[in-house]
Amino acid sequence: MTAPAQRPAGSAPARPRIVVVGFGPVAARFVDELRPAVAAGALELTVVGEEELPAYNRVLIADLGVGRTALGAMALADPEELARDGVRVLTGTRVARVDRSRRAVRLADGTGLAYDRLVLATGARAVVPNLTGLNPDPLHPVLPPGVTALRDVHDAARLASAVEGRRRIVVLGGGVLGLEAALAASEEGATVTVVHHGDRPLGRTIDAAGGATLAAALRRQGVRVAGNARSTGLETGPEGAFRALLLDDGSAIDGDLLVLACGARPRTELAEGAGLAVGAGVLVDEGLRALHTEHVFAIGDCAQPGEKAPSGLLAPGWRHADWLAARFRSELLGEPAPAPLGPERAPVILLKARGVNLALAGAVAADPWDAFSLENAAGESGPPPLQVSLWSDPEHGAYVKMATRAGVLVGFVALGMPRAAAELTLLFESGAELPADRSVILRLDGPEAALAGGPSAAGTGPEATLCRCAGVSRGEVQEAVGNGCSTVEDISRKTRAGTGCGGCRDGLRELIEAHFAAAAA
């Protein structure tokens, strides 16, 4: 193995060398933010990706698998464009280890890449449960035929084959990713069963009544739901292919494809091999620098800035990428320093599917009279009491819960009420007070509000955030449409809106249609 060339001791680098390990959505965002500096010759930038494909939106893997999007529409980076700007892109390349003492990244083929600053954006891998018939090694799982996760395009191809053949699909896991895949596959003609451990889907984040209403909504969409089910192993056919999921009560759920949707685990093995401090993810300080190091940073799913484990959501990773790129430009190019990154906000969890619309966030466990009696009994010396308002229509799959302190929303669930969900999301993220009459929120989904144009003016002004993942306002999208963007893909390329979870894409289409309808009038 040949070591990379080292600069003479004490010499200043002509151009700082930045190496990024990982080429997923977060790395793509970071690279994009540094492209102008690279094109101007101010720094050298190399990005190394293990997959053959350049960065694409993994959030849409299930949509790709059921045929609702194309791989080209998921692309987040163009290697040829990056190369023209001077960015070196290495795809299909595995990093074997990080040599911190020599400030070099060692590749699997024995070559090395010298760096002045190293950014780990290695992301996360799918959790493979410890079941009989599955390899428990988390770093080298061996999945038998008929078993897949939902992390890359190969997984999407396996899902597509099952959907096209209208096969029986078993989804193991009741989180958002598994539920969205189940709903999409069911609507496209597959027979789908969701198996989860708790008494309700999304059991770690939703309250009992909301979870029961969600389960009923899933069944109405044709998805079978097996709750309180403990899986123990797989039953396979003569050639080793998946045939059934075995449960601890002795029963089995037959299927042709098992989709593992059991969460994700940060990829920290490179950091551990380099002697970096690791918890749930790579431990970093408030500046995203790996603890006890000077030249190594981590962003996205693999980074743990505080005590909480990485969220696994895209928006916080993009926030990391934007902030660290701004910090590097400040330190290396003299641009203004960014404001401190600050703590992560509590995430809003969105489940958007045809027939099921759910948004929830914050503290939602308390019920109205429980919260009222317990907190108000403590007297006036403590924090403002928790107040809970609740409305439920299980027959039609609608449910809204709002938890407030001093009128400010601290938690909510909105199922089957898309306009209320949009308004509550806005109020939660802005820290604004709810109307004193909580029924105003419910009326947003009534016929009068629909005729008037939907959510309140607070959610429809130019400054309102339309794409939460990318932080793009409604006004920015309207400006892009006015400047000639006539498709969602055009807007995504211009503003990045719609490149995250995809939940705003209907809103983008509405703005496009409204603009051209007005032009034609």
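**Exercise 1. In which helix do Glu331 and Arg327 both lie, and how many residues apart are they?**

Before the solution, a word on the model. This is a predicted model, where local features need pLDDT of at least 70 and side-chain atom pairs count only at pLDDT 80 or more, while totals for chains, interfaces and linings use all residues. Residues are numbered from 1 along each chain as its sequence is written, and side-chain values use heavy atoms, with hydrogens and water left out.

Step 1. Find the helix: Glu331 and Arg327 both belong to α9, four residues apart, which is about one turn of the helix. Helices (H or I, at least four residues) and strands (E, at least two) are DSSP runs, numbered from the N terminus.

Step 2. Check the pair: Glu331 forms a salt bridge with Arg327, with the closest N and O atoms 2.9 Å apart. A salt bridge is a side-chain nitrogen of Lys or Arg within 4 Å of a carboxyl oxygen of Asp or Glu.

Step 3. Look at exposure: Glu331 is partly exposed at 41% relative accessible area, whereas Arg327 is buried at 12%. Buried means under 20% relative accessible area, exposed over 50%, and partly exposed in between (1.4 Å probe, protein chains only).

**Exercise 2. Work out the order of the strands in the open sheet of five strands.**

Step 1. Read across the sheet: the order is β3-β2-β1-β7-β19, with parallel pairing. Two strands pair if DSSP finds at least two bridges between them.

Step 2. Find the edges: β3 (88-90) and β19 (296-298) each pair on one side only.

Step 3. Take the turn between neighbours: on average it is 15°, direction ignored. Axes here are lines fitted to C-alpha atoms, for helices over the stretch in contact, and angles run from 0 to 180 degrees between N-to-C directions.

Step 4. Zoom in on one pairing: β2 (residues 44-48) joins β3 in the parallel sense over three bridges, and Val47 stands opposite Val89 in β3.

Step 5. Add the helix: α9 (residues 314-333) packs on the sheet and touches β1 (17-21), β7 (117-120) and β19, its direction making about 175° with that of β7. Contact means heavy atoms within 4.5 Å.

**Exercise 3. Explain which parts of the chain the salt bridges of Arg15 and Asp85 tie together.**

Step 1. Start with Arg15: its salt bridge with Glu44 has its closest N and O atoms 3.5 Å apart. Arg15 lies in the segment before β1 and Glu44 in strand β2, so this pair ties together parts 29 residues apart in sequence.

Step 2. Compare exposure: Arg15 is partly exposed at 33% relative accessibility, and Glu44 is partly exposed at 33%.

Step 3. Turn to Asp85: its side chain meets that of Arg35 in a salt bridge (2.8 Å, N to O). Asp85 sits in the loop between α4 (79-84) and β3 and Arg35 in helix α1 (residues 25-39), so the pair links parts 50 residues apart in sequence.

Step 4. Check exposure again: Asp85 is partly exposed at 23%, but Arg35 is buried at 17%.

**Exercise 4. Put these details into the whole protein: how many salt bridges, helices and strands are there?**

Step 1. Count the salt bridges: there are 26. Among the residues involved, Glu50, Arg125, Arg267 and Glu269 are linked in a network.

Step 2. Count the elements: the protein has 16 helices and 27 strands.

Step 3. Finish with burial: of its 521 residues, 47% count as buried.
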